[in-house]
Amino acid sequence: MKLFSLIPVFVIGVLLLWAGQDFPKWGDVESPASKSPVSSHFIANTGVDTEVPNMVTAVLADYRGFDTMFETVVVFIAGMAVIAILRGSSVGRPRRKDHEVEAEPDLIVTNTVRLIVPVIQIFAFYVLAHGHVSPGGGFQGGVLMGASFILIALSWDLEKAMSRFPIERCLFVAAMGIVLYGGIGLLSMMLGGEFLDYAELEKILPVSREMARYHAMLGVEIGVGFTVAAIMFVLYANLASEGRLKQGL
Amino acid sequence: MEGGSLVSELFIERLNYCIYVVLLLIGLWAMLAKRNLVKKLIGMSIFQTAIILFYVSIAVKKDATIPIYLAEHDPHGSHAKVVTEQNATGKQDAYHPVELKPETVKGYANPLPHVLMLTAIVVGVATLGLALALTQRIYQGYGTIEEDELLDKLDRADERASQSPIVKEKRNAQRRKSAQQAKAKAAAGSVSKSNTAAKPSSVTKGKKKAQPKKSPSKTSATKAKPKPKS
Amino acid sequence: MGLEIFNTFILLLLVVVAVTSLWVKDLLVSAVVFGVYSFLMCLLWAEMGAVDVAFTEATVGAGISTVVLVATIFHLRRKSND
């Protein structure tokens, strides 16, 4: 079986290497991907259109808003599917004996975590809000926020983290993130533009068209951050406890 | 001569593509040949990262900076203000962003592949979590995550499932026949009635393939339960 | 000489780490080495100028992926046959 599986691997490898000759050299400024009018347009006009210095955030949340919205939906659906797969799967199944540790949470670990969790959460908000002018944005900020709750669950136990962020609240927050994203899109549609055409928000915001896009992007990123933070914690909580949502790792 | 230039072309000029291909093949091989499901998933992640690496690497430009505007290129930065001061005719003209020139466009890395791959990474971890949840479920059901053991258990369950209804029906029929033969002397009319009643029921049972299959697999799952404890 | 020394070094290291994470028979070690792989990838992308992608990989790939893998392996058998 192992040797047999090497045949397709080699065939694909030879084909890919053969195709590799046609690819542009490392760092080629004239490569088709870099010369294409689309990316040149993004680089040249992002600042003019949206006042956002970070082109990646602008393209992510504004020009390719549909894409990001449904990626967020994919993350949400994955979280729901994990809950659906694991919920109730371990009913009547005893916990493995080698996992039952009666020790209290370690004093040094818990106190350190107590100190650093607020810092992580503030950093998460910073990354979320500052994603327009520096690397960062909704995905990274959301993941950092989810990671802070995972850290609590790792240092105490899952119940402690679940008392802070119960699963119902997780799902509510995750759904609210998508509703916020879609709501901004619908709002711009109701104001006379197209779906996710943020420039129309200038009619209700006291700013110019460009700044309206800037602020709408911030709202969209907050929506993405909500969903990603909640779903990352849901993933961990379900996988660490086989869907029991208590005791955990 | 031709071969030599090809080799130098491939392995010196385009060494990065070779390594992407190698990484991709490592992931593919792990997905095909590794028997452990978690190893397969790690292979899937390596495969995915190799593709993302390829996408990001075509966004690289020589001597280019990251795709965030430098202060002197920002359309709303200080140089834009200089422009507005030069032709400051009124409030309408005070707002005057400047589009980047083609020479400066070359100084920034291509942001489009970055955007595409950023979302791909996040969706990748969501799919990894989903796959791991399925792996946990498989372990709960069968007590193993090794593919060969899993296939063995499935085969055995299938055998039991495919054998049992027929064997049971044959045995039942034999029992009925013997019982009927014993009773035949006592009452001849009741025998024919029970025979006709038994036959259609056996046909319907044989047709319902999905139902008998399910129940033995469940019993095998319950049998597999004590295994992880030991 | 399109590639710089640094990139070549990281790329070769990536291959070594990828093979190692599939080679070892202990799944926990495998998961942790996969975290190392993600961090190396993050370093490479930061060097390529894809800062947002590198940031995402550092938080998602090296952080959440590794934690989720370890959490899963905790409930499975730690040994792998191959």
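# Chat about a predicted helical model

Me: Where in chain A is confidence lowest, and where is it highest?
Reply: The model is predicted. In chain A, confidence bottoms out in helix 2 of chain A, with a mean of 84. It peaks in helix 6 of chain A, residues 107–129, at 93.

Me: And what does chain A average for pLDDT?
Reply: The average is 87 for chain A. A pLDDT of at least 70 is reached by 94% of the residues.

Me: How many helices and strands does chain A have?
Reply: Chain A has ten helices and zero strands. From the N terminus, the order is α-α-α-α-α-α-α-α-α-α.

Me: Is chain A a compact globule or more spread out?
Reply: More spread out. The radius of gyration of chain A is 23 Å, and the globule rule gives 18 Å for 249 residues. The value is well over the rule, so chain A is more spread out than a compact globule.

Me: What box do the C-alpha atoms of chain A fill?
Reply: Roughly 60 × 60 × 35 Å, along the principal axes.

Me: How much of chain A is buried?
Reply: Buried residues are 44% of the 249 in chain A.

Me: What about contacts in chain A between residues at least 24 apart?
Reply: They make up 69% of the chain A contacts between residues at least 6 apart in sequence.

Me: Switching to chain B. What is its secondary structure?
Reply: Chain B has eleven helices and zero strands. Along the sequence, chain B reads α-α-α-α-α-α-α-α-α-α-α.

Me: How much of chain B is buried?
Reply: Of 230 residues in chain B, 33% count as buried. For contacts in chain B with a separation of 6 or more, 61% are between residues 24 or more positions apart.

Me: How do helix 3 and helix 7 of chain B cross?
Reply: Helix 3 of chain B covers residues 37–57, and helix 7 of chain B covers residues 111–142. Their axes come within 11 Å and cross at roughly 175 degrees. The cut-off for roughly antiparallel is over 145 degrees, so helix 3 of chain B is roughly antiparallel to helix 7 of chain B.

Me: Which residues in those two helices meet?
Reply: From helix 3 of chain B, they include B:Leu37, B:Leu41, B:Ser45, B:Gln48 and B:Ile52. From helix 7 of chain B, they include B:Pro113, B:Met117, B:Ile121, B:Gly124 and B:Leu128.

Me: What classes do the residues of that contact fall into?
Reply: The contact of helix 3 with helix 7 of chain B has 15 nonpolar residues, five polar and no charged.

Me: Now between chains. How many residues do chain A and chain B put into their contact?
Reply: Chain A gives 57 residues and chain B gives 52. On the chain A side, helices 1, 2, 3, 4, 5 and 10 of chain A each give two or more residues.

Me: Which helix gives the largest share?
Reply: Helix 5 of chain A, with ten residues. By class, the side of chain A that touches chain B has 31 nonpolar, 17 polar and nine charged residues.

Me: And how many residues are in contact between chain A and chain C?
Reply: There, 20 residues of chain A are in contact with 16 of chain C. On the chain A side, helix 7 and helix 10 of chain A give two or more residues. The largest share comes from helix 7 of chain A, at six residues. The classes on the side of chain A that touches chain C are 14 nonpolar, four polar and two charged.

Me: Single residues next. Where is A:His41, and is it buried or exposed?
Reply: A:His41 is in helix 3 of chain A. It counts as partly exposed, because 15 C-beta neighbours lie inside 10 Å and buried needs 20 or more.

Me: How far is A:His41 from A:Ala153?
Reply: They are 112 residues apart in sequence and 45 Å apart in space, C-alpha to C-alpha.

Me: What is phi of A:Glu51?
Reply: Near 65 degrees, a positive value in a residue other than glycine. Most residues other than glycine have a negative phi. A:Glu51 lies in the loop between helix 3 and helix 4 of chain A. A:Glu51 is buried, with 23 C-beta neighbours inside 10 Å.

Me: And A:Leu196, what is its phi and where does it lie?
Reply: Phi of A:Leu196 is also positive, near 65 degrees. The residue is in the loop between helix 9 and helix 10 of chain A. A:Leu196 counts as buried, because 23 other C-beta atoms lie within 10 Å.

Definitions and conventions
Residues are numbered from 1 along each chain as its sequence is written. Chains are lettered from A and ligands numbered from 1 in the order in which they are written. This is a predicted model: local features need pLDDT of at least 70, side-chain atom pairs count only at pLDDT 80 or more; totals for chains, interfaces and linings use all residues. Two residues are in contact if their C-beta atoms, placed from the backbone, lie within 7 Å. Helices (H or I, at least four residues) and strands (E, at least two) are DSSP runs, numbered from the N terminus. Ala, Val, Leu, Ile, Met, Phe, Trp, Tyr, Cys and Pro count as nonpolar, Asp, Glu, Lys and Arg as charged, and the others, Gly among them, as polar. pLDDT is the predictor's confidence in each residue, from 0 to 100. The radius of gyration is taken over C-alpha atoms; the globule rule is 2.2 Å times the number of residues to the power 0.38. A residue is buried if 20 or more other C-beta atoms lie within 10 Å of its own, exposed if 12 or fewer, and partly exposed in between; C-beta atoms are placed from the backbone. Axes are lines fitted to C-alpha atoms, for helices over the stretch in contact, and angles run from 0 to 180 degrees between N-to-C directions. Angles under 35 degrees count as roughly parallel, over 145 as roughly antiparallel, 65 to 115 as roughly perpendicular and the rest as oblique.
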